[in-house]
Amino acid sequence: MNSGTWRLWGGIRVAVLALLWGSTFLWTELALRGFSPLQVTLIRCTLGALVLTVACYATGRRLPRGVTVWRHIAVAAFFCNALPFALFGLGQQTVDSGLAGVLNSTTPLWSVALGLLLGSERGLRPVRLTGLLLGFAGTIVIFAPWRTAGAVGWGALAILGAAASYAVAFTYMGRTLVRKGTPTISLSAAQLVAASGLTAVMMPIGGLESIDPGPVVLAAAVVLGVLCTAITFHLTYRIINDEGATSAAVVGYLLPVVSVLLGAAVLGERLGGRVLLGMAVVLAGVGMTRVDRTPAAPSAPVGAEAAAGTRPVPVRRG
């Protein structure tokens with residue numbers, strides 16, 4: 001394959017991944033019309049685990065063994081799958097899918113803030129510090145706390161919590177699971193298996209409501225679990241393996257755009273000028289935080305809704 005064809009194929013994969021990641025919020029919105037947030041989370045984790053486990057054994061690999069690795073996987077599954085998936089479901093009960101995609105793009109900002117707290121972000125350059133402050137300023141514009149009414153409220157806070165949870169997960173996974181000798185497909189499958197178990201344990205709290213799954217709701221749940229959870233794992237890993245984390249990061253900048261466009265086209269959602277301005281400020285801040293990053297630090301894609309079930313740690317390979 002010549003270089004031109006390789007670049008074209010790489011571009012197609014990036015476009016497909018951006019579409020799948022960005023559409024996650026649309027499918028979640030549709031699935032919530034017949035299922036509760038915890039039910040959507042369980043369906044998503046279970047279907048993703050099934051697909052990846054089959055892929056794991058079909059490629060001659062197996063799930064990890066050992067108490068220590070499974071303990072790390074359980075922690076990662078909580079912060080990267082069970083918790084954020086549930087928070088997105090809760091948040092999208094009152095927040096439009098487009099805005100959910102915008103707020104999800106703050107994940108890299110939380111990653112930098114966490115790095116500062118843990119001391120891994122030392123000598124933070126002025127441009128990155130400015131980007132961090134600018135990004136959070138953009139979220140304030142979106143929230144508009146000076147307004148007495150609005151549809152943001154607790155739902156948006158839940159989605160910001162999901163984005164922050166991804167940042168915690170990426171840091172933890174980078175320290176305990178990445179490059180430890182376990183194949184990526186095995187870690188991915190095991191993580192979603194663990195997330196399914198964690199979510200199932202929580203079902204009596206808020207997941208036993210009656211359901212009303214029409215054809216559209218069922219289709220949305222299946223697409224969410226198979227395409228937006230399991231398949232995005234594989235595509236992300238392949239892009240990073242073949243082209244590096246930078247190419248994967250480009251996908252993150254497209255996520256809010258895709259989520260906003262799909263929300264407007266399919267669900268008739270509208271974002272006002274203030275939210276669009278806030279989105280632009282957030283993305284500008286995210287871009288600035290990724291300038292001159294320390295190469296040794298594990299890099300997570302911007303807007304990690306697809307990592308580890310919709311958002312994996314980029315350097316996990318196998």
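The second largest pocket of this predicted model holds about 310 Å³ of space. Its lining is made up of 14 residues, and L38, A82, A86, L90 and M202 are the ones closest to the pocket centre. Sorted by character, the lining comes out as 10 nonpolar residues, 3 polar ones and 1 charged one. As for where the lining comes from, three helices each put in at least two residues: α2 (37-58), α3 (67-91) and α8 (184-206).

Helix α2 also carries Q39. Despite its polar side chain, Q39 is tucked away: its relative accessible area is 8%, so it counts as buried, the cut-off being under 20%. Setting aside residues up to four places away in sequence, Q39 touches M203, G207, L208, E209 and I211. Of these partners, M203 falls within the span of α8 (184-206).

Turning to the packing of nonpolar side chains, the largest core takes in 49 residues. Inside it, the residues with the most contacts are L52, I73, L99, L103 and L177. Helix α7 (residues 153-176) provides the largest share of this core, with 9 residues. A second core, separate from that one, has 14 residues, among them L30, F35, L224 and C228.

L103 gives a feel for how one of these well-connected positions is surrounded. Once its neighbours within four places in sequence are left out, L103 is still in contact with I142, F143, A156, I159, L160 and A163. Four of those partners, A156, I159, L160 and A163, sit in the stretch that α7 covers (residues 153-176).

Stepping back to the whole chain, the fold is built from helices: there are 12 of them and 0 strands. Read from the N terminus, the order of elements is therefore simply one α after another, α-α-α-α-α-α-α-α-α-α-α-α. The chain has 318 residues, and 53% of them count as buried. Contacts also reach far along the sequence: among those with a separation of 6 or more, 88% link residues 24 or more positions apart. On the outside, the chain exposes about 13,600 Å², and carbon and sulfur atoms supply 68% of that area.

Key. Residues are numbered from 1 along each chain as its sequence is written. This is a predicted model: local features need pLDDT of at least 70, side-chain atom pairs count only at pLDDT 80 or more; totals for chains, interfaces and linings use all residues. Side-chain values use heavy atoms; hydrogens and water are left out. On a 1 Å grid over the protein atoms alone, a cavity is a set of points where a 1.4 Å probe fits but cannot get out, and a pocket is an open set with protein on both sides within 12 Å along at least five of seven lines; lining residues have an atom within 4 Å of a point. Grid points are joined across faces, edges and corners, and a volume is the space filled by probe spheres set on the points. Helices (H or I, at least four residues) and strands (E, at least two) are DSSP runs, numbered from the N terminus. A nonpolar core is a set of buried Ala, Val, Leu, Ile, Met, Phe, Trp, Tyr and Cys residues joined through side-chain atoms within 4.5 Å. Buried means under 20% relative accessible area, exposed over 50%, partly exposed in between (1.4 Å probe, protein chains only). Contact means heavy atoms within 4.5 Å. Accessible areas come from the Shrake-Rupley method with a 1.4 Å probe; for residues, only the protein chains shown count as cover.
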